[in-house]
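Student: I would like a close look at one part of this protein. Please start with one helix and the strands around it, then work outwards.

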Amino acid sequence: MSVRTIGGNLLFWKISGVFASLLIILGIIFVMIASRFSKSYYMTAHQQLYGGIAQHLATFTRPIKNGKPDTTVTHDIIHSTMVANPSVEVYLLDTLGNITDYVVPQASVQMKKVDMAKVREWLASDTGKPMGDNPKHPGESSIFSVAPVLENGVRVGYVYAVLASETQKQILASLTDDLNFRLAAYIFFAALLGAFVVGIVTFFLITDSICSIAGVVKRFKDGDHAARVHGYATGNLGVLTSTFNDMADVIVDNIEKITATDRLRQELIANVSHDLRTPLSIMQGYVETMMIKKDTLSEPEKERYLAIVQEGTRKLSGLVDQLFQYSKLEANVVSVQKEVFPLGELVSDILSSYQLKADERGIRLLMETVPALPQVFADIALTERVFQNLLDNAFKFTPDGGQITVHLAEAGSGIKIRVADTGVGIAKAYQEQIFERYKQAEMYPSGQKGTGLGLAIVRRILELHQTTIEVVSDSGKGAAFEFIMHRA
């Protein structure tokens, strides 16, 4: 037997069990309600049928003569009445409710007086007759019939007839037990049959839908990532299908992201390998030359070779630093230590450190600012890294004799920074890509291409400072990068 068959049978029996339990519980409740109402109905009907028996006895038997019970006449008549109707027990009362005579076994009568308030209420009511005392069972109410006994127009007592005698209760209890047993048996078997039918129908409907959904899930597992569940928009299955469809969309999106990331990782490895191989090859060549010709090289040549090796190590150090910085930013392990500081002084110091490099290439470095520029609230080290990366990028694409300008100005709740150059510019088709990791604009000359991490690092640092960066450029007309630092 397959796992699906076992699971299906288990589901079927669970559904059937739930419905059977529910129907049986409802059946028990029905039996209890039916028993209660049938008993109430029987009592009411019995009172309506025999409610006039006391009046009949009081009128035609004249049970009290000269203020005393006439036992010689009444006992025979009352006894005959009780034989004809065993459910009736007859008592004679005086005007205060004291029991003066009765036709029942003496030992079984436990009360000497009945509640006259119930007697008066019974006589005053036309409908909804109250329950009264049962002399054989103190504290237990019973249906009864009562009528006054008149002698010479004067009320001398009452005929008090209990309509639900002990014999009647025994018979009624036996009949009720039999009725309850029959009802319970019929309801039990009806519940089992109903649960079986409902279980089969429900099982078929649920498993048919689940099998359809399972087929779609299997197709998705086998590689059909376009597979989606359709046709179940509401109910629990609607929640299941919408959840699966959303999950499938997320999985497909993650697969695409992973694929894109892997492709970019391969590009990064290729770029890094090229950038590492070039300076390493140059350094290795010059070091090998110095080792081979160490006795024949002049001092100026040795110094030139060493300077080339030093430049190669500087490039390698910068590349490794870029990779290390970006990996920390991507892993969210960089903690921002914000503090208040004057941005103008920081920019001035950074430009001073680039002045020698600018002089070597004839590039003008300018700083434009306004007096009394407010201080900013940011991480000094990360802010310095932003300007360094933007200036390195500007130097890379600005020809000799060009100009690089850093402009600072107040703007709303912060300071607007603009780093502009007179380089080759960036075509609009590439402006959305330059801030992506591992991206390089393809229109750059191959000799100027790098890993493409510099601007990605800038954007990530600025995101940590809750701000964004934008580029304004046209191909051949230079580029300007603009962002805002929040003031203190």
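Student: Which strands does helix α9 lie across, and at about what angle does it run to β15?

Tutor: Helix α9, residues 380-397, lies across β10, β12, β13, β14 and β15, and runs at about 175° to β15. Before going on, some ground rules. This is a predicted model, in which local features need pLDDT of at least 70 and side-chain atom pairs count only at pLDDT 80 or more, while totals for chains, interfaces and linings use all residues. Residues are numbered from 1 along each chain as its sequence is written, and side-chain values use heavy atoms, with hydrogens and water left out.

Helices (H or I, at least four residues) and strands (E, at least two) are DSSP runs, numbered from the N terminus. Contact means heavy atoms within 4.5 Å. Axes are lines fitted to C-alpha atoms, for helices over the stretch in contact, and angles run from 0 to 180 degrees between N-to-C directions.

The strands under α9 belong to an open sheet of five, ordered β10-β12-β13-β15-β14, with mixed pairing. Two strands pair if DSSP finds at least two bridges between them. The edge strands, β10 (364-368) and β14 (469-473), each pair on one side only. On average, neighbouring strands of this sheet are turned by 15° against each other, direction ignored. At the β14 edge, five bridges join β14 to β15 (residues 479-486), and the two run antiparallel. Within this pair, Glu 470 has Glu 482 in β15 as its bridge partner. Helix α8 (residues 343-361) also lies across part of this sheet, namely β10, β12 (403-411) and β13 (414-421), and runs at about 170° to β10.

Now the other sheet, for contrast. Four strands form an open sheet in the order β4-β3-β8-β7, with antiparallel pairing. Its edges are β4 (99-102) and β7 (144-151), each with a single partner strand, so one side of each has no neighbour in the sheet. The twist from one strand to the next averages 25°. Helix α2 (residues 53-60) packs on this sheet, touching β3 (89-93), β7 and β8, and its direction makes about 20° with that of β7. Helix α4 (residues 116-124) lies across β7 and β8, at about 90° to β7.

Within that sheet, look at β3. Buried means under 20% relative accessible area, exposed over 50%, and partly exposed in between (1.4 Å probe, protein chains only). Five of the five residues of β3 are buried, so the strand is largely enclosed by the rest of the structure. In a regular strand the side chains alternate between the two faces of the sheet. In β3, Glu 89, Tyr 91 and Leu 93 point one way, and Val 90 and Leu 92 the other way. On one side, five bridges join β3 to β8, running antiparallel, with Leu 92 opposite Val 159 in β8. Three bridges join β3 to β4, again antiparallel, and the bridge partner of Leu 92 in β4 is Asp 101. β3 and β4 form a hairpin with five residues between them, and Gly 97 in the turn has a positive phi of about 95°.

At the β7 edge, eight bridges join β7 to β8 (residues 154-162), and these strands run antiparallel. Val 149 is found in β7, and its bridge partner in β8 is Gly 157. Val 149 is buried, with a relative accessible area of 2%. Leaving out residues up to four places away in sequence, Val 149 touches several residues, among them Ala 58, Pro 63, Ile 64 and Tyr 158. Val 149 and Ala 58 are 91 residues apart along the chain, yet their C-alpha atoms are separated by 5.5 Å.

As for the chain, the secondary structure comes to ten helices and 15 strands. Of its 488 residues, 37% count as buried. Among contacts with a separation of 6 or more, 66% come from residues 24 or more positions apart.
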